[in-house]
Amino acid sequence: INQGQSYELKMKKLGDLSNHYKKKWLRTTIRICFHERRLQYIENEQIAEWARTHPNERILEADLPLSYGVADVKQDHGSLSTITFYWDPTRETGVFVKVNCISTEFTPKKHGGERGVPFRLQVETWSGESRIHAAACILQVFKLKGADRKHKQDREKVLKRTPAEQEKFSPQCDCTVLADLSVDSIYIPPSRAISPVQSDGEGCNTGKTKGALPPSIKSSSVPPSLSRDESTYGPGGWTSVATVSSKPSNTVAPSDSKSWNRVLPANGDSDSTAAWLAFNRYGHHVKCFQNFDSRDLLRLSKEDLIQMIGLVDGIRLFNDLHMKPVGPRLTIYVAQKGDTVYHPILLVEVTVVELVRLIAQAFQIFESLLTKVIMTGPNKILVRLTDEYLRYQNPDSAFTFNIIYENGGDSCTIHLEPVVFRD
């Protein structure tokens with residue numbers, strides 16, 4: 001693709017959408033990362049060096065004026081290669097993105113006379129706290145109109161071959177299906193884990209994501225998880241269509257898609273164990289446990305860990321391994337009006353902001369739409385909930401709620417009603 005040129009990524013959820021009520025949004029993260037393993041381990045250093053020579057610029061940038069159907073697009077300064085946004089699966093959605101670095105900027109000589117490093121475009125989609133799909137393709141970024149020239153050269157090379165040889169090449173298309181990523185192939189930034197490969201049993205539903213695989217990348221450089229049959233390219237530039245399937249995959253995964261972050265899987269190998277240790281701030285002890293898989297680590301007693309890595313980290317690691325919980329200051333139970341199943345809301349800070357965030361996560365509501373919370377008080381008066389009034393509530397209280405949409409659906413209020421259970 002060309003540096004600084006906008007390319008469209010279309011999002012679409014497959015399957016039955018009848019259960020997607022109004023304002024039930026999905027969250028998608030688009031990331032540009034290195035495809036080669038040796039560069040993945042030093043990604044932070046490479047990005048920091050690029051940022052020093054390109055102040056006030058981003059590696060991956062969303063072209064908001066051209067994008068449609070997206071909301072709450074986040075382009076944090078601390079993550080120059082990542083974009084996060086929300087989208088409604090019941091509406092047509094497309095986000096335009098630009099890549100502002102070129103592949104040769106991360107080669108040793110940093111000039112155009114050598115082959116540039118391949119990037120990976122990784123797209124992850126979440127429903128609440130559960131990842132439901134992940135897909136990727138390989139990119140090479142050229143300066144100015146370099147990608148157009150490369151496409152033209154590749155077409156001319158193919159046309160010079162015999163008809164029999166030309167049949168071995170994939171035909172050009174207007175868009176490309178991004179290949180589904182297995183759990184082990186999902187890339188994790190070095191800032192979160194020592195290993196760039198996640199191999200822990202964190203599952204996601206299978207789906208299909210369409211994107212672009214530039215013709216300059218040989219199919220031999222594509223990992224097994226990126227199927228060559230699903231990767232084509234088009235002469236008219238790079239257009240991607242991301243579609244998420246509602247059909248479950250055959251992968252057996254825990255119900256909490258982020259459980260690998262908090263709970264060490266009992267059957268994890270040594271690489272998964274090292275990634276878990278690094279993510280949970282034990283990176284300087286990874287070498288000590290380099291030959292340990294999760295079973296070895298879980299068998300260690302508190303005394304063993306203290307002897308191996310010291311008193312403070314030993315106690316902390318033992319507590320993390322066995323999930324010693326930190327008790328919430330207030331626990332309440334919430335259900336949508338008409339439902340009989342309640343969700344526990346564990347409040348640690350006991351603030352309205354925290355309450356809104358946890359309700360949004362539990363019921364998959366777009367958090368930024370929730371502007372205020374009101375509660376039915378004595379004599380059925382409506383009381384605006386404040387931090388002080390929330391802390392005044394009795395522990396283990398139960399509430400039902402309904403959402404009141406305002407301003408044409410652009411904002412809404414949560415209305416909590418206390419539930420009184422009678423013996």
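Where does Asn-379 lie? Asn-379 is in the loop between β14 (370-376) and β15 (382-384). The points below start from the model as a whole and return to this residue later.

1. Confidence. The model is predicted, and the protein averages a pLDDT of 75, with 77% of the residues scoring at least 70. Over residues 191-260 the pLDDT is below 50, and this stretch has 238 contacts in the model beyond near neighbours in sequence. Where pLDDT is low, the predicted coordinates should not be read in detail.

2. Overall make-up. The secondary structure comes to 11 helices and 17 strands. Of the 423 residues of the protein, 48% count as buried. Among the contacts with a separation of 6 or more, 67% are between residues 24 or more positions apart.

3. Strand β5. Five of the six residues of β5 (residues 82-87) are buried, so this strand is largely enclosed by the rest of the structure. β5 pairs with β2, the two running antiparallel and joined by six bridges. β5 also pairs with strand β4 (residues 70-74), again in the antiparallel sense, over three bridges. Trp-87 of β5 takes part in both pairings: the bridge partner of Leu-26 is Trp-87, and Val-70 stands opposite Trp-87 as well. In a regular strand the side chains alternate between the two faces of the sheet.

4. Asp-72 in strand β4. The strand that pairs with β5 over three bridges also contains Asp-72. The phi of Asp-72 is near 50 degrees, which is a positive value in a residue other than glycine. Most residues other than glycine have a negative phi, and most peptide bonds are trans. Asp-72 counts as partly exposed because its relative accessibility is 32%, in between the limits of 20% for buried and 50% for exposed.

5. Asn-379, the residue of the opening question. Asn-379 also has a positive phi, near 55 degrees, and is a residue other than glycine. At 77% relative accessibility, Asn-379 counts as exposed, because the cut-off for that class is over 50%. This loop residue sits between β14 and β15, while Asp-72 lies in a strand.

6. Cavities. How many cavities of 30 Å³ or more does a search of the whole structure find? The search finds three. Rolling a probe the size of a water molecule over the atoms shows where empty space is left. The second largest cavity has a volume of about 60 Å³.

7. Lining of the second largest cavity. The residues that line this cavity are Ile-32, Cys-33, Phe-34, Glu-43, Ile-47, Ile-59, Ser-81, Cys-101, Phe-106 and Phe-119. The elements that give two or more residues to the lining are β2 (26-34) and α2 (43-53). β2 gives the most, with three residues. By class, the lining has eight nonpolar residues, one polar and one charged. β2 is thus placed in two parts of this note, as a contributor to the cavity lining and as an antiparallel partner of β5.

8. Ala-48 in helix α2. The helix that contributes to that lining also holds Ala-48. At 34% relative accessibility, Ala-48 counts as partly exposed, because the value falls in between 20% and 50%. Ala-48 and Leu-80 are 32 residues apart in sequence, and their C-alpha atoms are 9.5 Å apart in space.

9. The hairpin of β12 and β13. Strand β12 (residues 330-336) and strand β13 (residues 343-347) pair in the antiparallel sense over five bridges. One of the residues involved is Tyr-333, whose bridge partner in β13 is Pro-344. The hairpin has six residues between the strands, and Gly-338 takes a positive phi near 100 degrees there.

10. Gln-336. Which residues is Gln-336 in contact with, leaving aside its neighbours within four places in sequence? They are Phe-363 and Phe-401. Gln-336 lies in strand β12, and at 26% relative accessibility it counts as partly exposed. Gln-336 and Leu-416 are 80 residues apart in sequence and 9.3 Å apart in space, C-alpha to C-alpha.

Technical notes. Residues are numbered from 1 along each chain as its sequence is written. Side-chain values use heavy atoms; hydrogens and water are left out. pLDDT is the predictor's confidence in each residue, from 0 to 100. Contact means heavy atoms within 4.5 Å. On a 1 Å grid over the protein atoms alone, a cavity is a set of points where a 1.4 Å probe fits but cannot get out, and a pocket is an open set with protein on both sides within 12 Å along at least five of seven lines; lining residues have an atom within 4 Å of a point. Grid points are joined across faces, edges and corners, and a volume is the space filled by probe spheres set on the points. Helices (H or I, at least four residues) and strands (E, at least two) are DSSP runs, numbered from the N terminus. Ala, Val, Leu, Ile, Met, Phe, Trp, Tyr, Cys and Pro count as nonpolar, Asp, Glu, Lys and Arg as charged, and the others, Gly among them, as polar. Buried means under 20% relative accessible area, exposed over 50%, partly exposed in between (1.4 Å probe, protein chains only). Two strands pair if DSSP finds at least two bridges between them.
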